[in-house]
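Dear colleague,

Please find below the structure I promised to hand over, with the sequence alongside it. My notes on what was found follow underneath, grouped by topic so that you can read them with the model open.

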Amino acid sequence: MKVIVLENAFEISKQAADIIIRQINNKHGSVLGFATGASPVETYKRIVESYERGEVSLKHITTFNLDEYADIDRENVNSYYYFMKDNLFGKTDVNFDKVNFLSGVKHEEAEAECERYYNKIKEAGGIDIQLLGIGVNGHIGFNEPGDEFMDRPFLVELTQSTIDANSKYFEAVGAKMPHYALTMGIGDIMRAKKIVLIATGASKAKAIKALVEGEVTPECPASILQLHSDVTIFLDKESAALLGNS
Ligand code: GLP
């Protein structure tokens, strides 16, 4: 794993965006795995700015997002589809026919939806770069701490830690946060050819220590990344603060 500690979120976003832009310019039909949450927002801004300067086109890429809340409509302001449209897709020339999401379906449809998504990633030839954030409890996508690493997309019951971290977005519009989500499995993430993870802020320091220096265990889902051959982790000083200390 390459661990790169930078001054702030802006410096991180420049380097992370650069990796993605280079990938697209080397292979116009790249398959990109995108993440939501606060961590990648600045990176998406840098990509939009490059697009506006005519340095990159997203027209031919295929995208797969990591996860989506269950029981949510894609036009809901808190859906991850809406987030991606708002932060990246709607501001570039991305072809929406090539944008893939797990849909926020009802529980009874989840199994078929997960199977569809798994096959769709396979048909696309796999993911070239998967961008990731990390939860304060070490989750990636919505792979919550548990007893096993899941291979394929699945329906997950969210932990209290995640509900506490994300409820604010729903409360802001007077809504209640769903307690279930659909997410790529750890296997889907690990099959990506390259992985770029971004973390900032002191609240992520414990999870980052477990990811980089802890044992590989489903109790910290992100720790599995130690076994991937091409992972770059961008941190600010706060999120890196516990590294190297016992
Ligand atoms: C969310 C998402 C993850 C994200 C993580 C961190 O719940 N499911 O994909 O990486 O939690 O979010 P943030 O970047 O807002 O801290």
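To begin with the aromatic side chains, F96 is partly exposed, with a relative accessibility of 34%. Please keep in mind throughout that this is a predicted model, and that the values below were computed from it.

Aromatic pairs

F96 forms an aromatic pair with F89, and the arrangement is edge-to-face, with 6.2 Å from centre to centre and 85 degrees between the planes. The two partners can be set side by side: F89 is buried, at a relative accessible area of 1%, whereas F96, as said, counts as partly exposed at 34%. Both residues also belong to a cluster, in which ring pairs link F34, Y44, F89 and F96.

In total, the structure holds nine aromatic pairs. One of them is formed by Y80 and F142, which are stacked, with their centres 6.0 Å apart and an angle of 20 degrees between the planes. This pair links distant parts of the chain, since Y80 lies in helix α3 (residues 80-87) while F142 lies in the loop between β6 (129-132) and β7 (154-157), 62 residues apart. Are these two side chains buried or exposed? Y80 has a relative accessibility of 10%, and because the limit for buried is under 20%, Y80 counts as buried. The same limit of under 20% applies to F142, which has a relative accessibility of 1% and therefore counts as buried.

Charges over rings

Two arginines are placed over tyrosine rings. R74 lies over the face of Y81, at a distance of 3.9 Å from the ring centre, and the charged end of R152 sits over the ring of Y118, 3.7 Å from the centre of that ring. R152 comes up again below, as a partner in a salt bridge.

Salt bridges

Side chains of opposite charge can pair when their charged atoms come close. How many salt bridges does the structure hold? The count is 16, and I describe some of them here.

In helix α1 (residues 9-26), D18 and R22 lie four residues apart, which is about one turn of the helix, and their side chains meet in a salt bridge with an N to O distance of 3.2 Å. Both partners are partly exposed, D18 with a relative accessible area of 37% and R22 with a relative accessibility of 48%.

Helix α2 (residues 41-52) holds both E42 and K45, three residues apart and again about one turn of the helix. These two form a salt bridge in which the closest N and O atoms are 3.1 Å apart. E42 is partly exposed, with a relative accessible area of 23%, and K45 is likewise partly exposed, with a value of 41%.

R152, whose charged end sits over the ring of Y118, also meets the side chain of D151 in a salt bridge, at 3.9 Å from N to O. The relative accessible area is 38% for R152, which is partly exposed, and 40% for D151, which is partly exposed as well. Beyond single pairs, salt bridges that share partners join E42, K45, R46 and E49 into one network.

Cysteines

As you may wish to know about disulfides, a search of the whole structure finds zero of them. A disulfide is a covalent bond between the sulfur atoms of two cysteines. Among the cysteines, C114 is buried, with a relative accessible area of 6%, and C220 is also buried, with a relative accessible area of 8%.

An open sheet

Finally, three strands form an open sheet with antiparallel pairing, in the order β4-β8-β7. The edge strands are β4 (67-69) and β7, each of which pairs on one side only, and from one strand to the next the twist averages 25 degrees. Strand β8 (residues 180-183) runs antiparallel to β4, and three bridges join the two. Which residue in β8 is the bridge partner of D67? That partner is T183.

With kind regards

How values were computed. Residues numbered from 1 in each chain as written. Predicted model: local features only at pLDDT ≥ 70, side-chain atom pairs only at ≥ 80, totals over all residues. Heavy atoms only, no water. Phe/Tyr/Trp six-rings, centres within 6.5 Å; stacked < 30°, edge-to-face > 60°. Buried < 20%, exposed > 50% of the residue type's maximum accessible area, 1.4 Å probe, protein only. Lys NZ or Arg CZ within 6 Å of the ring centre and 35° of its normal. Disulfide = S-S within 2.5 Å. Pairing = 2+ DSSP bridges. Axes fitted to C-alpha atoms, helices over the stretch in contact; angles between N-to-C directions. Salt bridge = Lys/Arg side-chain N within 4 Å of Asp/Glu carboxyl O.
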